[in-house]
Amino acid sequence: MEILGGPYFGVAGAGESHGPAVTTIVFGCPAGLMIRRDQVQAFLDRRRPGGNKYGTPRNEKDKVVFLSGLYQTDHEALLGDATRGESKITVEVEGASFESQGYEAGYTTGEPIAAMVLSTSKKSGDYTQFIGPKGQVRPGHTDLVKYHKSRGFVDVRGGGRSSYRVTISDVVGGSIARMFLQQTFGTVLLSSIDQVGPLRANVSLADRCQALLAQQDSVTIDADTIAAMQRDIDAAVIPSIDSGFASEAAELIKETRKSGDSLGAGVEVVALNVPPLLGDPLYQSLKVRIMGALGGLNAVQSCEVGAGAAVIERVGSENNDPIRSGGYVSNTHGGLIGGMTTGMPLVFRVGFKPTSTINKPQQSVTKDLSEIDFQLEKGRHDPCVGVRAGVTLESRIAIELMNAALSQKAQSVGEGLPRLFR
Ligand SMILES: Cc1cc2nc3c(=O)[nH]c(=O)nc-3n(C[C@H](O)[C@H](O)[C@H](O)COP(=O)(O)O)c2cc1C
Ligand SMILES: C=C(O[C@@H]1CC(C(=O)O)=C[C@@H](OP(=O)(O)O)[C@H]1O)C(=O)O
């Protein structure tokens, strides 16, 4: 069974790239959290195909509809029959039309939260060359392994369930986790592309956050400062805190796409204002869990925490983060020691491979292993997957952090024992 996060807070998804919809069920969100559809939509807009001209040309609106788990404080809406509000659901079955309405906002009830996003801009005919045992295999994508694993019963359209499209569920679940974390601890997540192919950014998001912490002699960064950083990242042509690098990188992506090829990328992701002492120490440590969650995302080839592979070249006296009574002075450790949070920002850097579906001739095989000279016939693809990946990385960290926070609560004996009557 594939569940993101869990066992206290978990996200289950269903749906394929060219199926009718991607459906999500979020388990374990405590009752009483205010959720607004438009806030979740804003995160999905950062992920959607067609939202950035340096991503895939497929243009989906990806509007989310909430189907369960929210309590409307508007009692007229809750108790009335009228279908009104912004998210109306219309279904036609056997010639008859059925209408209902999704939740626009509401408090979580503690019950499972279900959400749905329809896929309405599919060009499934682009995948004709991949059908059946004589169907061709894209080097680097999942075509061969999925075909044989399923004994041929595989959805070949757009990568099927192995498409980045299914991360709609990560972002829906991640949005709810982010609202919980922000409302409970003031925790906020940001990401920034810091490398595209050989081009490296001059400004690092993690360094920028560390400099802010040093300036104010505190382990928290205020909401306005974080919002200003998010605005800077959003204002760049591809999401990066270094706008000059972003423009240069976008030009390189454009030229590489024109030549029929693709590029790899590095993406930094940070969580700010993280409560200390979350996570378990060993086999389910928060380091293992977050690295697994990030490392398991489509096209990820590397995942580093804190200073990452750079520590290999250091001596201990350079690498240790000094400690004062108010906290750590630096953050080489990336906010995790012994699998638990220290209260410093969580810092990760993820390396993405160049998109595998490209327009260059390549050596490959058919599904039944005849050797062929492969040439892509049609398709709409991201020339550099790093451009749209940030919000999903943030979401996956948020899901793990929320699960760790609820797990911490589950382990605290003696505090607020359950009581029904006086
Ligand atoms: C943001 C994002 C967008 C992606 N878009 C594409 C794409 O357009 N075409 C493609 O071939 N792969 C794309 N991928 C990568 C594939 O989903 C991924 O390579 C595939 O599922 C195989 O998994 P693996 O590379 O992790 O082994 C994308 C990945 C991410 C993170
Ligand atoms: C549809 C999305 O991105 C897709 C991710 C993807 C892949 O192989 O991962 C390949 C392309 O798929 P398709 O040919 O089916 O459009 C992208 O467009 C999305 O992110 O929602």
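**View 1. β2 and the lining of the largest pocket.** The largest share of the lining of the largest pocket is given by β2, which supplies three residues in this predicted model. In the computed structure this pocket has a volume of about 1,300 Å³, and 48 residues line it, with S162, S163, Y164, V166 and N298 lying nearest its centre. The elements that contribute two or more residues to this lining are β2 (10-14), α4 (168-185) and α8 (286-295). Sorted by class, the lining residues of the largest pocket comprise 13 nonpolar, 20 polar and 15 charged.

**View 2. Ligand 1 and the residues around it.** The space that ligand 1 takes up is the largest pocket, and 16 residues surround this ligand, of which S162, A299, K353, T357 and D382 come nearest. Two of the polar side-chain atoms to look for face oxygen atoms of ligand 1: one belongs to K353 and lies 2.7 Å from an oxygen atom of the ligand, while one belonging to T357 lies 2.5 Å from an oxygen atom of the ligand. On the side chain of H381, an N or O atom is found 2.8 Å from a nitrogen atom of ligand 1. Taken alone, ligand 1 would expose 630 Å², and the protein buries 86% of that area. The shell around ligand 1 is made up of five nonpolar, eight polar and three charged residues.

**View 3. Ligand 2 and the residues around it.** Ligand 2 also sits in the largest pocket, where 15 residues surround it and H18, R47, Y127, H141 and R165 come nearest. In the side chain of H141, an N or O atom is 2.7 Å from an oxygen atom of ligand 2, and a polar side-chain atom of R388 lies 2.9 Å from an oxygen atom of this ligand. Y164 takes part through its backbone, with an N or O atom there lying 2.8 Å from an oxygen atom of ligand 2. Taken alone, ligand 2 would expose 460 Å², of which the protein buries 94%. By class, the shell around ligand 2 holds three nonpolar, seven polar and five charged residues.

**View 4. The largest cavity and its lining.** When the whole structure is searched, one cavity of 30 Å³ or more is found, and the largest cavity encloses about 90 Å³ of space. Its lining consists of F130, R138, T142, D143, K146, V154, D155, V156, G159, G160, S162 and K367, which divide by class into three nonpolar, four polar and five charged residues. S162, listed in this lining, is also among the residues that come nearest to ligand 1 and among those nearest the centre of the largest pocket.

**View 5. The cis peptide bond at P7.** The peptide bond that runs from G6 to P7 is cis, and its omega is near 10°. To place this bond along the chain, the reader may note that P7 lies in the loop between β1 (4-5) and β2, the latter being the strand that gives three residues to the lining of the largest pocket.

**View 6. The backbone at A299.** Although A299 is not a glycine, its phi is positive, at about 70°. A299 is placed in the loop between α8 and β14 (300-305), and this residue is also one of those that come nearest to ligand 1. The helix before the loop, α8, is one of the elements that give two or more residues to the lining of the largest pocket.

Methods: Residues are numbered from 1 along each chain as its sequence is written. Chains are lettered from A and ligands numbered from 1 in the order in which they are written. This is a predicted model: local features need pLDDT of at least 70, side-chain atom pairs count only at pLDDT 80 or more; totals for chains, interfaces and linings use all residues. Side-chain values use heavy atoms; hydrogens and water are left out. A residue is near a molecule or strand if one of its heavy atoms lies within 4 Å of it. A polar contact is a pair of N or O atoms within 3.5 Å; within protein, one must be able to donate a hydrogen and the other to accept it, and residues adjacent in sequence count only if both atoms are side-chain atoms. Accessible areas come from the Shrake-Rupley method with a 1.4 Å probe; for residues, only the protein chains shown count as cover. On a 1 Å grid over the protein atoms alone, a cavity is a set of points where a 1.4 Å probe fits but cannot get out, and a pocket is an open set with protein on both sides within 12 Å along at least five of seven lines; lining residues have an atom within 4 Å of a point. A molecule sits in a cavity or pocket if more than half of its atoms lie within 2 Å of its grid points. Ala, Val, Leu, Ile, Met, Phe, Trp, Tyr, Cys and Pro count as nonpolar, Asp, Glu, Lys and Arg as charged, and the others, Gly among them, as polar. Grid points are joined across faces, edges and corners, and a volume is the space filled by probe spheres set on the points. Helices (H or I, at least four residues) and strands (E, at least two) are DSSP runs, numbered from the N terminus.
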